[in-house]
Amino acid sequence: MAKSLFQKVWDSHSVRKLANGQTQLLIGTHLIHEVTSPQAFGMLRDLGLKVAYPHRTFATVDHIVPTDQFVEPYADPLAQAMMDELRKNCADNNVTFFDRASGKQGVVHIVGPEQGITQPGTTIACGDSHTSTHGAFGAIAFGIGTSQVRDVLATQTMALGALKVRRIEVSGKLPPGVYAKDVILHIIRQLGVNGGTGFAYEYAGSTIDGFSMEERMTVCNMSIEGGARVGYVNPDETTFAYLKGRPYSPTGAAWDAAVANWKSYASDAGAVYDDVVKLDAASIAPTVTWGINPAQGISILENIPSPETATSADDKAGIIEALEYMKLPAGAPIKGTKIDVAFLGSCTNGRLSDFQEVAKFVKGRKVAPGVKAIAVPGSQIVALQCEKLGIDKILADAGFEWRAAGCSMCLAMNPDKLVGDQLCASSSNRNFKGRQGSTTGRTVLMSPVMVAAAAVTGYIADAREVFSVANN
Amino acid sequence: MALAKITSVTGRAVNVPGNDIDTDRIIPARFMKCVTFDGLGEFLFNDVRKQLDGTLKEHPLNEARFTGATILLSGANFGCGSSREHAPQAIAKYGFKAVIAENFAEIFFGNSTTLGMPCVTASREDIAKIADAVNANPQSEVVIDLVKLEVRFAGQSVKIAQRESARDSLVNGRWDAIGELIDGKTDVQSTAGKLAYMSA
Ligand code: SF4
C-alpha cells in the first residue's frame, strides 16, 4: 500500500501499543537546551533513572545566552544557573554538549541540521515547539513538554497518538522579493492559527521542491504556528547534498546505504492524505502580521482589517483585541507604520542565506535614525560564515549591531528586549502579546529582507520598492 | 508507580474568557528562568493580571470571590504556542485541577494530561452556561465527570468530550506513561536495533 513519509517513519519507529491506545514511539534523536531540560533531569534523578541512550541526545544553549557578553559568569545569575545546570547534567550523563567553547553552539534547530544530526526518515524530539524545523529533512520532529523530555531521556521513547496528514502543495514560481517566510505566513493565514491541530503538514509542490534546505527549514519551522505539531518535506537530492560531509553524516559505504534508505522514506506517489491543500506561488506577496497571532497576517499591499470586515463574532473580537494591543488604526494601510526596532535572527530566519540576502540589499545603505537594529546569527557557525564573507561588516556599516549566536529577541529571555510599546519588525516566528520582552511590546513578523526594508526606511515598507526589485 | 484514578474533578470554577490564549500569556518567558517548576503558580497570567509595578489589573483571577477555584474555563485554542510545560505547571501550581475549554492546542493538551490535569472540551454555549452559573454564584459546585463525560453544576448538566486515549489514561490511573514506557525496554531495543542510525 502506498504510504506517506509520516506513516513510514511512524511504522518503523513504533515500539508497541500502550494500554490507552497510544503508541510507544522510538525517538531516535533527542535535542535538549537549557530551558526545558533541567526539570526533566531533576525528575530523572528523583526516579533514580539514567539516560537510556546518551549517544542519541545532543545539547546546546540558546534561549538565555547573552549576545553581547562572551565570558561567564553572565550578568544575570539566573541565566548562569541554567547554564551551569545544563553543563552539569550533560557531563553527568555523557551527553554531547555544543557549548560556546565548542564553536558549534547556537539555536538548537540550527545546530542539529548544521551538524548533520538531523537526518531523513528519523524521529526527533526536543522540548521546544519549533522542533518541526527538522522536518525539512524528511524527519518527523516533535516539540514536547518537560515530562516527555524526561520520558525520552529515560526510555528514548514517548507515548503518542498518530497524526493525520495534510499535504500542502505550493506550485509555481514565487514573484521576485517573495520568500519562504512569506509562503509560510501565507499558509498560516489561509489555514488559521489552529487549522493544523491533529495534523502533520507535508509541504510539497514545485515551489517547495525548488527550495534550498534553508528555505525548507523556514517553512517547516512555523508549522506549529498553524497548530501543526509536525511539518515535513520529502527528502530529495537537495537534502542529500546538504547533508554530505557534515560532522554527523555517514561516510563511505555507510553514506550510500543511508541515501538509499532515506530515499525509501519519501512519500509514495499514490499515498492517501487526510486532506490536500493547493496554493499558487504566483499569488503570494510579501506578507506581514498586523495582530497578536501569526495567522493575523496580510500582504504588504493590503489594509489593516477593521472590525466591520470581520467574518464572524469571534473574528471581530479577535480583530478588536489585536488592534487595541497593536495600537494600529483599523482599515489603514500597514505600509508606512513606524517601527522602533528591527530584529534579524531566530530559528526561522537566522541562517547564512538570510543574512546573505539582507546584505545584498543593505550594502551601502543606513538604518534610519531612531531605529535600533540588531542582527543575531543563529549559530556560531553561521556567525563565522557571515564574518568570512564580510556580511557582518556590511550589516555593521549599515548600522545593525552584529551580535553573538542565540535566540535573543525572539523571546527575550536574555537581555535583548523591547522597551515599552516599541514596535519591532522581526524575522522571528511569534507575535504574541509580550513575546519580545516588554509586556506592551509589539511584534510585526516578516521576511528578513522586509525587516531590512523597514530598518532602512524606519517604516513597514514594501522591500520590492525600497530595494528596486524588478518585477520580471 | 501507582497513580490516582482521576474519574472526576469537583470544585469551584472561574471563567477566563478569550480565544487563542497562548502559552506566553499563561506564563511569560521571563518567569521560565528557573531550574524547577516550584513557585510558577504565582506568575500565572502574570502580565494580564498585574501592572509592571505589581498592582493588580482587572482579571477574574484577581477577584476575591473566585479565590480557591480549581476548575478553569476558557475559549478556543487554549494553550497555543510554545511546548513549555511551564504553562500547565503554572496552572496546576496555582491550584487548578482541570480545564474546560472549546478546544486545546495539541502540545498543551498532552502536557496537561501527563500531569494528571484533565483538559475537557465543551461547546461554547455550554461553557457560557457554566460561566453564567459560577458568575452568579461563585460558590456553586462544579463536577467534571470523566466517566459519564458531563459537567454538572447548579442543577444543570452539559456534555463534554475528551480524547479517548487521554480519558482512558486518567480514569485508569496511567496518565503518566513513564512506568509503561520503561516496561517496554526489550521492545525498544529491538526496534532500535533495526534502525542503522541508532547505533551511530
Ligand atoms: S529562536 Fe525563538 S522560536 Fe527558535 S528556539 Fe529560540 S526562542 Fe524558540
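**Two pockets in a predicted model**

Helix 11 of chain A, together with helix 1 (23–26) and helix 2 (46–49) of chain B, each give at least two residues to the lining of the second largest pocket. This is a predicted model, and I will stay with that pocket before turning to the largest one.

The second largest pocket holds about 720 Å³ of space. Its lining counts 30 residues, and the closest to the centre are Glu321(A), Lys433(A), Arg25(B), Asp47(B) and Val48(B). Sorted by class, this lining has 12 charged residues, with nine nonpolar and nine polar.

Now the largest pocket. Its volume is about 900 Å³. Which residues lie closest to its centre? Of the 37 that line the pocket, they are Asp314(A), Asp315(A), Gly318(A), Asn19(B) and Asp20(B).

Next, the elements around it. Strand 14 (297–299) and helix 11 (313–326) of chain A, along with helix 5 (124–136) of chain B, are the ones that give two or more residues to the lining of the largest pocket. Which element supplies the largest share? That is helix 11 of chain A, with six residues. Helix 11 of chain A is also among the elements that supply at least two residues to the lining of the second largest pocket.

In terms of domains, domain 2 (164–235 + 268–283) and domain 3 (299–466) of chain A each provide at least three residues of the lining of the largest pocket.

Last, the classes for the largest pocket: its lining divides into 14 polar, 13 nonpolar and 10 charged residues.

Conventions: Residues are numbered from 1 along each chain as its sequence is written. Chains are lettered from A and ligands numbered from 1 in the order in which they are written. This is a predicted model: local features need pLDDT of at least 70, side-chain atom pairs count only at pLDDT 80 or more; totals for chains, interfaces and linings use all residues. Side-chain values use heavy atoms; hydrogens and water are left out. On a 1 Å grid over the protein atoms alone, a cavity is a set of points where a 1.4 Å probe fits but cannot get out, and a pocket is an open set with protein on both sides within 12 Å along at least five of seven lines; lining residues have an atom within 4 Å of a point. Grid points are joined across faces, edges and corners, and a volume is the space filled by probe spheres set on the points. Helices (H or I, at least four residues) and strands (E, at least two) are DSSP runs, numbered from the N terminus. Ala, Val, Leu, Ile, Met, Phe, Trp, Tyr, Cys and Pro count as nonpolar, Asp, Glu, Lys and Arg as charged, and the others, Gly among them, as polar. Domain bounds come from an automatic or database domain assignment.
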